[in-house]
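Work through the exercises below with the model open. Try each task before reading its solution.

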Amino acid sequence: MASRRLEDLHPYLANAYRRAAAEWDMAYPLLSKPFVTQTYRSNEEQNALYQQGVIDPKKKVTNAKGGQSLHNYYPSYAFDIAFVDGKNGKLDWSLDLFKKFAKIICRDQNIEWGGNWKSFKDNPHFGFKNYKWQDAAMGKQPNIPVV
Ligand SMILES: [Zn+2]
């Protein structure tokens with residue numbers, strides 16, 4: 001089952017997200033607020049997402065098949081976010097918001113933003129830097145301080 005729980009996210013990333021969200025509230029109290037839309041997702045769910053882009057390229061959200069995303073390992077090595085407007089409760093996908101959030105959380109050099117990817121920009125996506133799904137598949141751990 002796909003999850004949006006921080007408990008299903010690698011604790012290092014969960015802590016980084018909590019800190020960045022707190023900083024966001026201080027820095028941008030009037031802007032839409034970030035929330036996590038996904039942490040872990042199964043290989044089956046990943047394949048379904050992938051197929052969505054094969055069927056209709058306009059709906060493409062990923063290049064990754066099941067097992068080829070850092071979301072497909074447990075606890076998840078990546079998470080996705082969106083923003084919600086506090087006044088009207090509407091979802092907000094403004095690129096500017098993702099850029100601002102990336103600026104905060106990517107001060108941590110161990111974290112990368114999918115908006116910086118070259119082959120397929122994934123603005124809602126954040127995960128470990130210099131760490132690939134192949135590493136996760138081999139059971140290799142990210143090279144980060146222990147939390
Ligand atoms: Zn993602």
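**Exercise 1. Backbone at Asn-130**

Task: Is Asn-130 buried or exposed?

Solution. Asn-130 has a relative accessibility of 70%, so it counts as exposed. The cut-offs are under 20% relative accessible area for buried, over 50% for exposed, and partly exposed in between, with a 1.4 Å probe and protein chains only. Next, place the residue: Asn-130 is in the loop between S5 and helix H4 (133–137). Helices (H or I, at least four residues) and strands (E, at least two) are DSSP runs, numbered from the N terminus. Now check the backbone. Asn-130 is not a glycine, yet its phi is positive, about 55 degrees.

Ground rules: the model is predicted, local features need pLDDT of at least 70, side-chain atom pairs count only at pLDDT 80 or more, and totals for chains, interfaces and linings use all residues. Residues are numbered from 1 along each chain as its sequence is written, and side-chain values use heavy atoms, with hydrogens and water left out.

**Exercise 2. The zinc site**

Task: Which residues are the protein donors of the zinc ion?

Solution. Start with the cut-off. Donors are N, O and S atoms within 2.8 Å of the metal (3.2 Å for Na, K and Ca); water is not among the atoms, so sites may look incomplete. The protein donors are His-71 (NE2), Asp-80 (OD) and His-125 (ND1), at 1.9 to 2.0 Å from the zinc ion. Their spacing in sequence reads H-x8-D-x44-H. Asp-80 in strand S2 (residues 78–84) and His-125 in strand S5 (residues 125–128) are 45 residues apart, and the pair links distant parts of the chain. Asp-80 and His-125 are both buried.

**Exercise 3. The loop before S2**

Task: Which peptide bond is cis, with omega near -5 degrees?

Solution. The bond runs from Tyr-74 to Pro-75. Most peptide bonds are trans. Pro-75 sits in the loop between helix H2 (43–55) and S2. Ser-76 lies in that loop between H2 and S2 too. Ser-76 is buried, at 0% relative accessible area. A polar atom of the Ser-76 side chain lies 3.1 Å from the backbone oxygen of Thr-39. Beyond its neighbours within four places in sequence, Ser-76 has contacts (heavy atoms within 4.5 Å) that include Asp-8, His-10, Tyr-40 and the residue His-71. His-71 is also one of the zinc donors.

**Exercise 4. Aromatic rings**

Task: How many aromatic pairs are there?

Solution. Rings of Phe, Tyr and Trp (its six-membered ring) pair if their centres lie within 6.5 Å; planes under 30 degrees apart count as stacked, over 60 as edge-to-face and the rest as tilted. That rule gives 15 aromatic pairs. Take Trp-24 and Phe-83: 5.3 Å centre to centre, 40 degrees between the planes, tilted. Trp-24 lies in helix H1 (residues 11–27) and Phe-83 in strand S2, so the pair ties together parts 59 residues apart in sequence. Trp-24 is buried, at 0% relative accessible area. Phe-83 is buried as well, at 0%. Ring pairs also build a cluster, whose members include Tyr-17, Trp-24, Tyr-28, Phe-83 and Phe-126.

**Exercise 5. Lys-33**

Task: Which side chain makes a polar contact of 3.2 Å with that of Lys-33?

Solution. Lys-33 is in strand S1 (residues 33–38). Its relative accessibility is 32%, so Lys-33 counts as partly exposed. The partner is Asp-25. A polar contact is a pair of N or O atoms within 3.5 Å; within protein, one must be able to donate a hydrogen and the other to accept it, and residues adjacent in sequence count only if both atoms are side-chain atoms.
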